[in-house]
Amino acid sequence: MMTRWSPVLDRSDAAPLYRQLVDAMAADIANGRLPADARLPPHRELAHALSISVGAVTRAYGEATERGLIAGHVGRGTFVIDRSPATTDTGPIDLTINLAPIDADDAVLEALSMLRRRPALVDRLGYQSTCGLNRDRQAAAAWLTRTANLQRMEWQTVICCSGAQNAMAIALTALCAPGDPVLCEAATFPGAKALASQLGHPLRGVEMDAEGATPQALDRVAAETGARLFYTLPTLQNPTARTMGLERRAEIVRVARARGLWLIEDDVYAPYARHLDVPPLAALAPERTIYVSSLSKIVSPGLRAGFLVAPTGEVFDRCARAMRALMHSPAGINSAVTTQLIESGRADEIASAAMAETRVRTTRALAVLGDVIEKPRSDASLHVWLPMPEINAERAAARASYAGIRLTSPAAFAVAKGAVESGLRLCVGSVASGLVLERALIVLRGILMDEHADHEHGVI
């Protein structure tokens with residue numbers, strides 16, 4: 001039976017009518033007004049009911065089909081797709097965790113199965129070499145060359161770690177004495193904040209612009225504090241998703257050399273921006289950069305596969321000693337699985353699938369939330385940033401929580417109270433389905449519109 005569906009469109013809204021129609025359809029599917037298997041009105045009938053062109057309805061139905069909301073059947077009509085249980089789950093929608101939006105379980109199990117056939121796997125159950133087996137370090141070097149544009153690197157400069165957090169702990173232990181200040185972007189990765197606090201290093205924030213930390217602010221804060229270390233995420237910075245261009249990276253390197261600053265480059269999101277073809281800081285200043293990466297954001301966080309690249313000589317030796325003190329050696333089984341995934345090409349396949357799906361989700365977030373999002377330089381970003389005053393962000397996060405959507409508090413990213421960089425981070429890969437993300441985005445858009453209306457009317 002055909003559903004009598006006639007949504008209300010806002011003629012004063014700048015959004016095209018076909019877009020409003022798709023968004024209304026998605027919202028009504030999410031809230032149950034359009035149940036699974038409901039038959040939608042024919043194009044011409046709906047166009048007449050809404051006083052819009054048939055072309056607008058056709059375009060709306062076409063986009064809704066591409067988004068997996070509806071499906072057309074010749075001779076029968078257009079129907080709402082019966083969504084998976086994950087889509088109709090009434091539990092909270094968690095947008096707080098940066099995860100690749102794919103399931104790599106089969107690939108990991110396949111790698112384990114392949115390894116079982118090798119007698120050498122037994123050797124992985126013992127203590128490993130401090131920096132990892134040569135084969136694992138060579139695989140890591142090949143991976144970073146392909147996915148992070150880290151060209152002309154020597155595998156001997158790689159230390160295999162248990163995730164990027166472990167690599168960061170090694171770098172801080174190797175480069176800093178207790179109590180030494182550490183510089184970072186004004187809004188930064190909560191894991192870095194926790195690690196610096198645990199190791200006794202006060203953080204000082206560096207002002208940011210559309211490309212991340214500014215060279216002028218870095219130079220000034222380095223002079224004021226006497227700090228010798230700058231921790232940075234130059235590519236798809238967490239939480240702002242900002243990416244430094246080549247000129248900005250060169251300027252940061254010039255300041256670092258002039259001030260004698262060491263750089264810890266956290267580059268875990270590099271695969272999502274490799275098409276930008278911008279070299280990492282470690283390629284521009286290998287003599288003063290410790291490079292950190294992992295497979296957590298592209299394959300699996302549970303694999304705990306991390307990599308550290310350090311300059312040869314004293315700094316590398318200090319990193320190796322720190323690794324020995326903190327962990328003794330990498331986890332043998334984890335390293336074996338990681339190397340198997342890289343050597344077999346499965347890691348590259350997973351990365352391609354993750355980037356393709358992330359691109360779709362980033363595009364949808366931009367389409368639904370529009371100018372509220374600060375558009376990332378890469379069209380595939382695991383997180384997007386909604387800049388706004390801290391009090392507005394806290395209030396929006398609270399309203400979202402009440403509506404069943406979990407968001408990270410803006411305070412989690414702030415390096416200092418009254419942060420100049422504040423807002424909400426949305427992790428687009430953390431939900432299993434693009435339809436669940438769509439539902440969350442539509443709810444968030446309503447919350448943000450209410451926030452704007454409250455602000456206009458002076459409601460605090």
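The exercises below, each with a worked solution, concern a predicted model.

**Exercise 1.** Determine how helix 1 and helix 3 are oriented to each other, and which residues form their contact.

Solution.
- Two packed helices are described by the angle between their axes and the distance between the axes.
- Helix 1 spans residues 17-31 and helix 3 spans residues 54-66; they pack at an angle of about 45 degrees, and their axes are 8 Å apart.
- Angles under 35 degrees count as roughly parallel, and 65 to 115 as roughly perpendicular. Helix 1 and helix 3 are therefore oblique to each other.
- The crossing of helix 1 and helix 3 is right-handed.
- On the helix 1 side the contact involves Tyr-18, Arg-19, Leu-21, Val-22 and Met-25; on the helix 3 side it involves Ala-56, Val-57, Arg-59, Ala-60, Tyr-61, Glu-63 and Ala-64.
- Sorted by class, the residues of this contact of helix 1 with helix 3 are 9 nonpolar, no polar and 3 charged.

**Exercise 2.** Place Pro-16 relative to helix 1 and classify it as buried, partly exposed or exposed.

Solution.
- Pro-16 lies in the segment before helix 1.
- Its relative accessible area is 41%. Buried means under 20% and exposed over 50%, so Pro-16 is partly exposed.
- Pro-16 and Tyr-61 are 45 residues apart along the chain, and their C-alpha atoms are separated by 14 Å.

**Exercise 3.** Describe the crossing of helix 13 and helix 14 and the residues that meet there.

Solution.
- The axes of helix 13 (residues 332-344) and helix 14 (residues 346-369) cross at roughly 80 degrees and come within 4 Å.
- That angle makes helix 13 roughly perpendicular to helix 14.
- Leu-341, Ile-342 and Ser-344 of helix 13 meet Arg-346, Ala-347 and Asp-348 of helix 14.
- The contact of helix 13 with helix 14 has 3 nonpolar, 1 polar and 2 charged residues.

**Exercise 4.** Examine the backbone at Pro-239 and Ala-241 in the loop between strand 10 and helix 10.

Solution.
- Pro-239 is in the loop between strand 10 (229-232) and helix 10 (246-259). The peptide bond joining Asn-238 and Pro-239 is cis, with omega about 25 degrees.
- Ala-241 is also placed in the loop between strand 10 and helix 10. Its phi is positive, about 60 degrees, although Ala-241 is not a glycine.
- With a relative accessible area of 1%, Ala-241 is buried.

**Exercise 5.** Locate Ser-433, classify its exposure and find what its side chain reaches.

Solution.
- Ser-433 is in the loop between strand 16 (423-427) and helix 16 (434-456).
- Its relative accessible area is 13%, so Ser-433 is buried.
- The side chain of Ser-433 reaches the backbone nitrogen of Leu-435 at 2.9 Å.

Definitions and conventions
Residues are numbered from 1 along each chain as its sequence is written. This is a predicted model: local features need pLDDT of at least 70, side-chain atom pairs count only at pLDDT 80 or more; totals for chains, interfaces and linings use all residues. Side-chain values use heavy atoms; hydrogens and water are left out. Helices (H or I, at least four residues) and strands (E, at least two) are DSSP runs, numbered from the N terminus. Buried means under 20% relative accessible area, exposed over 50%, partly exposed in between (1.4 Å probe, protein chains only). A polar contact is a pair of N or O atoms within 3.5 Å; within protein, one must be able to donate a hydrogen and the other to accept it, and residues adjacent in sequence count only if both atoms are side-chain atoms. Axes are lines fitted to C-alpha atoms, for helices over the stretch in contact, and angles run from 0 to 180 degrees between N-to-C directions. Angles under 35 degrees count as roughly parallel, over 145 as roughly antiparallel, 65 to 115 as roughly perpendicular and the rest as oblique. A crossing is left-handed if the near helix is turned anticlockwise from the far one by less than a right angle, and right-handed if clockwise. Contact means heavy atoms within 4.5 Å. Ala, Val, Leu, Ile, Met, Phe, Trp, Tyr, Cys and Pro count as nonpolar, Asp, Glu, Lys and Arg as charged, and the others, Gly among them, as polar.
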